[in-house]
Each structure stands twice: as C-alpha cells, then as structure tokens.
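I opened a new structure today and wanted two things from it: a look at its pockets and a look at one helix. Here are my notes.

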Amino acid sequence: MIAALSIGGATQAQAQAQDTVTLGALVTLSGAGAAWGQGMKNAAEIAADQVNKAGGLEVGGKKYQVKVVAYDDKYQANEAVTVANRLVFEDKVKYIIGPVGSAPVLAIQPITEKNGVILMTLGFTAKALAADKPYTFRPNVTTAEVSQPQIDWLVKHEGLKKVGALFPNDETGQQIAQDLAGAYKKAGADLAAKEFFERDRVDFVPMLTRMLASGIDAIELDGNSPATAGMIVKQARELGYTGKIVRTGGPATQEIINVAGKSSTQGMFVHTPVDPELASTKAYAALYAAKYKQPMNGFSPAFYDGTNLLFEAMRRAGTVSDTDKVRKELEKISGYDGALGKLNWTGKAMYGIDHQLDAPFYVAEVKDGKEVIRARCTVSGCQ
C-alpha cells in the first residue's frame, strides 16, 4: 500500500489536500496472486474506514482523512518498478504497503530505500530484510519462520517421509524450495522430488506424473499462489493420488477449495496465520465479510495490522512526512494488540534487523471445506 502525502499551500483546495493521507496498494490485483493482493488492499481499506469514521488520523495535533488507491503490479518485477517510479517520483509517495512477490520487492527496493520510502511487503525472500534496508518491514510471517515448527509436527504426527513439491521458477520459488528442503531434512524427512515451472503454467500433469512415480508420500504446496495450488491439488487427485497434501506456508485454503473442490482437499494439512476463534481475528473477519461479501484471505489480517502499526508509528512520530522518524517509531512498537493477537518485531538474528513480524500461527486440517486447528505454533515449536 502506498501513502501519497499531499503538501498543501495557500488555497482552500491545497489545504484540503494537506489534510489527506492517501494509502495506495502496490499489489497483485490480476493473475495468479490476485487473492493475496486483493486481501492486502482490502485490509488497508478497512483500516482506513475505521480511522475515518473516528474523525480521522490524528498526527501532530492535526487530523487526516485516509484514502486508499490501488495499483496492480501483475505479480511482475518490471510492472512493480513502473508503478514504484510513478508513485515515488510523480505522486511523491512516502509509504508503500506491498508488493506481493519477492522478485517485485527486490526490484523496487533500490528506488524506495534510496528515497526513504517505507515498505510494508509480503515478499517472502530473506533478501527483502537487511540492516542496509532500514525502510522495509514485513508484517506477515514467512516460510523461514513457520516451516520448521510445522514440518517437525507433520513428520512426527503424520509420518511424512518422502515429499514432492512444485515451485514457481523465480526468486520466491527458489527461496522457498531451499527453506523447505532444509526444514524437511532437519525433521528427518526428505524433500525428494522438486519441479520448477513458469508462473503462468496451468498443466501440471507431466510434473505430477514424474513425482508420483518416484514414490512420494506427500505433496507440499508451499510457494504456490492460491489458484496454482488449487490446480495442483485437483490434477493430482485426478491422476489417482490419494496420499497426503500439505501446505506449510501461505494462507490460501478457501481459494484452493474453490478451485479443487471439497472432496479433493479433504484431509489436507495447511498453515494458517489465523485462529478463527480468537476474538480479535473473528471481529476482523466479520468486518471483511460485511464489506466485501466473501471470506477474508489469510494474509489480510496481517496487512490490516500492518496498516494500523503504520498509523500508530505516524502518531508517535508526530509526522506523516518525515519517514525516518516514522520508521524509528515503527521499530519501537511492541506488545501491540492486533487482529492476529499480541504482536512484536523480530528478525535480527536471521536478517540483521528487527523488521519481521512475530505473531502466532497454526497447523490446520481441512474438514468439509473448513480449517480445523490441530496444532498451535510459535517459532519455537508446535503443540
């Protein structure tokens, strides 16, 4: 999302512009990653609605109305760069929440970091966060945080031994494949069969056929967009595969069910960053359903929290224009009560900087099209 801050002058119109903070969403709104991008955009809109209904965002003794403007990067690095240049140099943007993918965030960081633009990104790559990238934050947990505890639990409780997986052939897929191979090995299992594909591929039968012939006992879906994961599940079942299907990262259960159907997803084990029975999460889910007439995507609460954390940092900094002050205040926020629960920043040991959200997460089993939580997790383990 992007906050484009209008600097007003002497005229009434300029004064009105000065009283507005425009939050945009530099996210994927078309193609395979659209469910994630829509969820991020919608999160910003809900957070904006709430502060506006309360009279505006009060910063430095002044109240700002918040407006959300969305931009589609099409899940492509070159499109993200085009939009980022427009936002930073034409719209004079100071804040961006997004992009969705790893390749897009790495592509725009030379622009945003040089110009002191704060990013709230979803991109899973470990390279997105670093001590020399002080303006980039990630308000969602990633495979690096969640894979080992969940895989340890799945190997122990579900007996996984030989796992196959398909990954997009890009920065995101390569990073997640590396993370998962290490995690399965540490847990005593083997990511034995790996296939890489271009993101616009829709026919996975040849790859799945090779994988199934190798004798795998589980298919791992992590790293794939919701639509792609749904096609993989559907085609695997159509090939006669009856083994376990797991997704140890990336909330996408409802979207996978929409594509593959309830019967194909029955018994699937999935990562979820939300406990639907947690009061704060339930409240956000109700707001989302009321506004958009559909269930929320699992990433959406993280970006609702991320937007509100950004608002809180602006309040504490007393400015909407000095991003150095805002990002320093953002770093200091701890014990924040968000939709996901109690939130803090972590990441220094892994990334060299505490710009990674630390939040609870869960392993769920899909029963009759619904997630049923089987294990509650932190970075230390699942129980």
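Below I go through the pocket, then the helix.

Entry one, before anything else: I'm looking at a predicted model.

Entry two, the largest pocket. I looked up its volume and got about 510 Å³. Then I asked which residues line it: there are 22, and those nearest the centre are Gln254, Pro276, Pro295, Met296 and Glu371. Helix H9 (253-260), strand S12 (269-272), helix H11 (279-292) and strand S17 (370-378) are the elements that each give two or more residues to this lining. Which element gives the most? That's H11, with four residues. I also sorted the lining by character and found nine nonpolar, nine polar and four charged residues.

Entry three, helix H6. I found it at residues 171-187, which is 17 residues. From first C-alpha to last, H6 reaches 25 Å, close to the 24 Å expected at 1.5 Å a residue.

Entry four, the ends of H6. At the N-terminal end I found Asp170 as the cap, with a side-chain oxygen 3.2 Å from the backbone nitrogen of Thr172. Just past the other end sits Gly188, and its phi is positive, about 95 degrees.

Entry five, the buried side of things. Thr172, the residue that Asp170 contacts, is itself buried, and so are Gly173, Gln175, Ile176, Ala177, Leu180, Ala183 and Tyr184. What do the buried residues of H6 pack against? I noted two helices, H4 (102-114) and H5 (143-158), plus strands S8 (162-168), S9 (190-197), S10 (218-220) and S11 (244-247).

Note on methods. Residues numbered from 1 in each chain as written. Predicted model: local features only at pLDDT ≥ 70, side-chain atom pairs only at ≥ 80, totals over all residues. Heavy atoms only, no water. 1 Å grid on protein atoms, 1.4 Å probe; cavity = no way out; pocket = protein on both sides within 12 Å on 5 of 7 lines; lining within 4 Å. Points joined across faces, edges and corners; volume = space filled by probe spheres on them. Nonpolar A, V, L, I, M, F, W, Y, C, P; charged D, E, K, R; others polar. Expected span 1.5 Å × (residues − 1). Buried < 20%, exposed > 50% of the residue type's maximum accessible area, 1.4 Å probe, protein only. Contact = heavy atoms within 4.5 Å. Polar contact = N/O pair within 3.5 Å; in protein donor to acceptor, adjacent residues only side chain to side chain.
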